[in-house]
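Trainee: I should be grateful for a close look at a single part of this structure, followed by its surroundings. Please take me through it step by step.

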Amino acid sequence: MRRPWTAIVLTCQNVDSAHAYQDELILRQRKGLIPPDTLLLTVEDPKAHVGSGGATLNALLIAAEHLSARSHFTVVNSDVLSDAYILIMHMGRDFPYNPCGKAFTTLPATLTADTAVGYDGLFCNLDSLLDTMTRKISPGSPPGVWVCSTDMLLTVPNILEVDWTEFNGVCAVTVAADVAYARNHGVFKVDAEGTVEDIVYKPSNVGMQELVTAEGTVHLVAGVVFLSSSTAERLLTVHVTPPLDACTYLGLDSGAEPIKLSLFFDILLCMATLVTEEAFVSGDRSGQYGGTPRPRNEREVMTMRNARALLWKTLRGINVKAVCIPDGRHDYMTEDASVHLQHLVKCPLQLDPICNLTWAPITHSTIQEDCTVEAGSVIVNSVLEGGLCVSSGSAVSHCHLKGHICIPEGCYLHALGEEVSQVLQATKLVPHTVLQCFHVKLFGTNKAKVYTVLGTKDELQATVGQGNTFCNESWDVFFQRTGILHGDLWGPHMPADECCLMNAKLFPVFHPTEPVGIAEVLWLLHSSKDISLLDRWRGSWRLSLQEVLSSVDHSAEFMWRRDLFYSVGQHHVRKVLLSGRGDCLLPFFKSAAVESYHRQVLVTLDQVVSRTATPGVTARTLACIADVLGSLAGGQWGLRSGPAANKMWQPAYQLLEAGEYAAGVQALALERECWLDSSRPDFLIRAARHYEGAEQILRRQTVMTAKQFIHTQQSAVPGVGQWVVAECPARIDLSGGWSDTPPITYEHGGSVTNVALLIDGKKPIGAKARRIQEPELVLVIDSNLDNSSVRLTCTELSDMETYCQPHAPGALLKACVVCADLLTLPSPSSLREQLQTRHGCGFELHTWSNIPHGSGLGTSSILAGAILAVLYKVTGLEADNLSLMHGVLYVEQLLTSGGGWQDQVGGLDPAVKIGRCRPQVPVKVEVEHVSISDKVLQALNSRLVLVYTGKTRLARNLLQDVVRNWYARLPEVVANCDDLVTNAEECAKAFREGDLSTVGACMDSYWEQKKKMAPGCEPVAVRKMMTALKPHVYGQVLAGAGGGGFMCVLTKEPGGLQLVRKVLQTAGVGEDVSIHTAQVDTSGITVTTLE
């Protein structure tokens, strides 16, 4: 891949279109399709019809001026070209079938760029050419100027291989074309060494024979040329010398009359080795190109001779090397409507494997179910409703049509709005019709719509009366059928040989007394003579197609496209969210933010919430609103993850907590406006965080449905002072983690294979509780790591209110107390009254863990299970392990910390097991114990090693990122969730079969999946350790979410502890690293009542 473009210059015919095209380039840059430091210039030609050569010289001058200014020069300095990579793209002439030109002709393809930086949008020929020039043609070239026409569809299957060693001159890109196609185009004559000897336009039959290669093809002029920096500098020198200064804006500003130059048949032709000076300077050769008008007087003759003489003097001797695109294809975008239709219906670019591009006959469109679109037709950026039918071979682009409209075969409809639907319903369109709407600007500021109709078989430039047609019927038949006269269309003074369809004043714009529109145009198509219509048509101010094209309001045309695109997109958003489909919407949201359609999208998302009673849909929609707000910030301020407890959002939160979703979402939207109006990106990020906070409320409520699977039974009540003790192993997840995380687990389904572990021979997690005489709660958090403890005595309900603040002291213990129904919050009864009434006593609760904070071994969740077990026991209840697992899910929602179910499954149940959760609500976890033989157990115990990495995990931030990416349905995340579940099942199978090698392979796969799920979860120090251990292990994985904590290693040979210690010592790991034995725990949680 070559370095980014220094500058991209787009040339066009006038200043009005230049502004619109510049905006389009800037949008592409803001979407990441063009690097941010690339200079973007849209340059209008100094005067109409300066030719591709004049436009190139003018563009080169302006690019050099801007680059000189960037380098702090006060005058143009050609040295800036020595290390610059410049791309000049010529818009060329007006295109009858797309008002925005050939470059911006929309193709039936969807650009699905990498969603990490990707945006949604229409795919145009310009995007195809820009991609081709950047990725396939220019890589490897030295600094210089690439020039590319945009009047063709250019297929380049592979990267163009060119020997750029010490290249200095011109490289002309060619395509091997058949003789029949080449008759209407330019052809290079190339010698055996690849040097261009001549350039011939529309070769005669005789001349063609000299150009045919041994393969029977010719070197077609493909419209792409490279000028080395030294060549570009030499060309630039002529901009100050008359008469070539007339090709630039400087010459125009100096009063020079513009001259027309061809890039190929003037500038390049003088470098062709077989072209003589006299033949070139006289203009005998260049005058053939494209029907270039010969000078009309002696002064013009001398001007052009002088111009060519200067080019000869300046550029002669520069070598032009022809390079052919292997298997390339060149499809010129002609004025033939049938060819344009074929370019859409059977686009040749589909043969070009452009990365992240999907071709489809229906692209960026909304089509109601009652509409019919036959195979072989194309719909692009359109809305079709109400029983409309599109026949095979037709194309509809940028239209919104409604009703029972039949579009027969071979038709092309462009930019028709819903307002014409009623007329079209009453009209029988005929096959092979071209029906378009143009947004035009008249007399400078007046804006209007002009409708045009043609036939796909019409020749626009053909002289009338020579067997040519209008709407596919002869002009004579047309005149007789309608009553229109020759003079109505061309007036009395136009020479007969200049009268053609292109300049016929056919299309009404306005009438002094009556409205005119599409009906007056459709009348031209097939109606019989109607005096009233004829009089209204004749009395209207009319334009020819040529005048329509020259009056196009390009900004309005692009706006029409965008309005339709976002209308289609909003419909898609509603459909995806309300139906629960898994489409990724983030690229659309990011594009809406860039193109200032975010308010419309936000309103649509608010409407989705108002139309659904499903909490899951509401939660995802709130996450989508957060994505829109985050996209608006544009990465300019801070991280997306952060606090979401600003008091201004609390009224909305309270409504959501109460289940009043519609009112809550409305309150969110009202508060959002206060933050959205600010231009500060930090406000937008903070608003996004609060929408994620709102989503978390609904997610918590969904997970809390797991409470119905908590079942208890009566048991003996311990005496006052009698301790109930629960001890638990840690757990290590070997595959499937993250699939247990809400909302993934209940929307996608999850499976996790994990193992209960003794660390250094002990169960490291525990809790104990006893009844005490005083009606109060005594909470003690012990740490055996540093022999410290925190003691909290709760005598008032207010002491318990921090149970939902994860970082508050004792929050986990308090949340477990609430879950176990020791007391109720809020309540009119005091804490003491509740304890006395319900239990006749108070309680003392102790917890401990011998595992460092952020270990990744599921400590908090397992500890919550232990706490629930002892609290149930001291209150005369018992709960099985499955009930405890669901209880922990409920506790973590009370705690507002989120989290999944795999930790408690791993630490409460013994040995090896696979936990599963189906994609459904209520959330229910099922556990299958995986039987392994004593032999496999012994082999596992001798090979499992835990390495504490010395790094503390930041699981909460990782969790927020994963949930955000899941709600966005990033394709790579959705696919990875599929892989996580599959890998978990394969790992469980490997355990059943006693295949530790495959278990290790599953661990390795799991680690790669974790890194995809949460990029950045692999510290450099961990990577270093894994690299050192890799030759000695079956598999290795960081526990939990990754990012630090413990690493689990499964060695190939027994005696794993000593092996790992030796390898890591040799690798020189940090002082904070420690190595621990890990044995499979075969008893799980144990609950004991002490006498």
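Mentor: Let us begin with one pair of residues: Gln436 stands opposite Thr452, a residue of strand β26. Please keep in mind that the model is a predicted one. In a second pair, Cys437 stands opposite Tyr451, which also belongs to β26. The partner strand here is β25, residues 433-442, and its pairing with β26 is antiparallel and extends over 10 bridges.

Now consider how the chain passes from one strand to the other. The hairpin of β25 and β26 has three residues between the strands, and in this hairpin Phe443 takes a positive phi near 55°.

We may next place the pair within its sheet. Six strands make up an open sheet with mixed pairing, and their order is β15-β18-β21-β24-β25-β26. The edge strands are β15, at residues 362-363, and β26, at residues 446-455, and each of them pairs on one side only. Thus β26, whose residues face those of β25 in the pairs above, stands at one edge of the sheet.

Two helices lie across strands of this sheet. Helix α11, residues 337-345, lies across β18 (378-380), β21 (395-397), β24 (412-414), β25 and β26, and the helix runs at about 80° to β24. Helix α15, residues 518-526, lies across β25 and β26, and its direction is at about 20° to β26. Both α11 and α15 therefore deserve a look when you turn the model about the hairpin.

Strand β18 leads us to another residue with a positive phi. Asn381 is placed in the loop between β18 and β19, the latter at residues 383-385. Its phi is near 50°, which is a positive value in a residue other than glycine. Is Asn381 buried or exposed? Asn381 counts as buried because its relative accessibility is 0%, and the cut-off for burial is under 20%.

Elsewhere in the chain, Arg969 offers a parallel case. Its phi is near 55°, again a positive value in a residue that is not glycine. Arg969 is found in the loop between α32 (955-967) and α33 (971-992). With a relative accessible area of 9%, Arg969 is buried. A further positive phi, of about 70°, is taken by His72, just after helix α2.

Helix α2 allows a simple check of geometry. At 1.5 Å a residue, the 20 residues of α2 (residues 51-70) should span 28 Å, and its end C-alpha atoms are 29 Å apart, which agrees. Helix α2 is also mostly covered, since 15 of its 20 residues are buried.

We saw a cysteine in β25, and you may wonder how many disulfides the structure holds. The number is zero. Cys12, for example, is in no disulfide, and the nearest cysteine sulfur, that of Cys100, is 12 Å away. Cys12 counts as buried because its relative accessibility is 3%. For Cys499, the closest cysteine sulfur is in Cys500, and the two sulfurs are 7.8 Å apart, too far for a bond. Cys499 counts as buried as well, because its relative accessibility is 1%.

Two peptide bonds also merit attention. One cis peptide bond joins Leu825 and Pro826, with omega about -15°, and Pro826 is found in the loop between α26 (811-819) and α27 (831-839). Another cis peptide bond joins Val921 and Pro922, with omega about 10°. Pro922 is placed in the loop between β40 (912-917) and β41 (925-929).

An unreviewed UniProt entry annotates residues 834-905 as "domain: GHMP kinase N-terminal". In the model, the chain over residues 834-905 is 56% helix and 15% strand, and the end C-alpha atoms of this stretch are 32 Å apart.

Finally, consider a pair separated along the chain. Ser579 and Val617 are 38 residues apart in sequence, while their C-alpha atoms are 8.6 Å apart in space. Ser579 is found in helix α18, residues 554-579, and counts as partly exposed because its relative accessibility is 47%.

Key
Residues are numbered from 1 along each chain as its sequence is written. This is a predicted model: local features need pLDDT of at least 70, side-chain atom pairs count only at pLDDT 80 or more; totals for chains, interfaces and linings use all residues. Side-chain values use heavy atoms; hydrogens and water are left out. Two strands pair if DSSP finds at least two bridges between them. Helices (H or I, at least four residues) and strands (E, at least two) are DSSP runs, numbered from the N terminus. Contact means heavy atoms within 4.5 Å. Axes are lines fitted to C-alpha atoms, for helices over the stretch in contact, and angles run from 0 to 180 degrees between N-to-C directions. The expected span of a helix is 1.5 Å times one less than its number of residues. Buried means under 20% relative accessible area, exposed over 50%, partly exposed in between (1.4 Å probe, protein chains only). A disulfide is a pair of cysteine sulfur atoms within 2.5 Å. UniProt positions are given in the numbering used here, feature names are shortened, and annotations may be inferred rather than shown by experiment.
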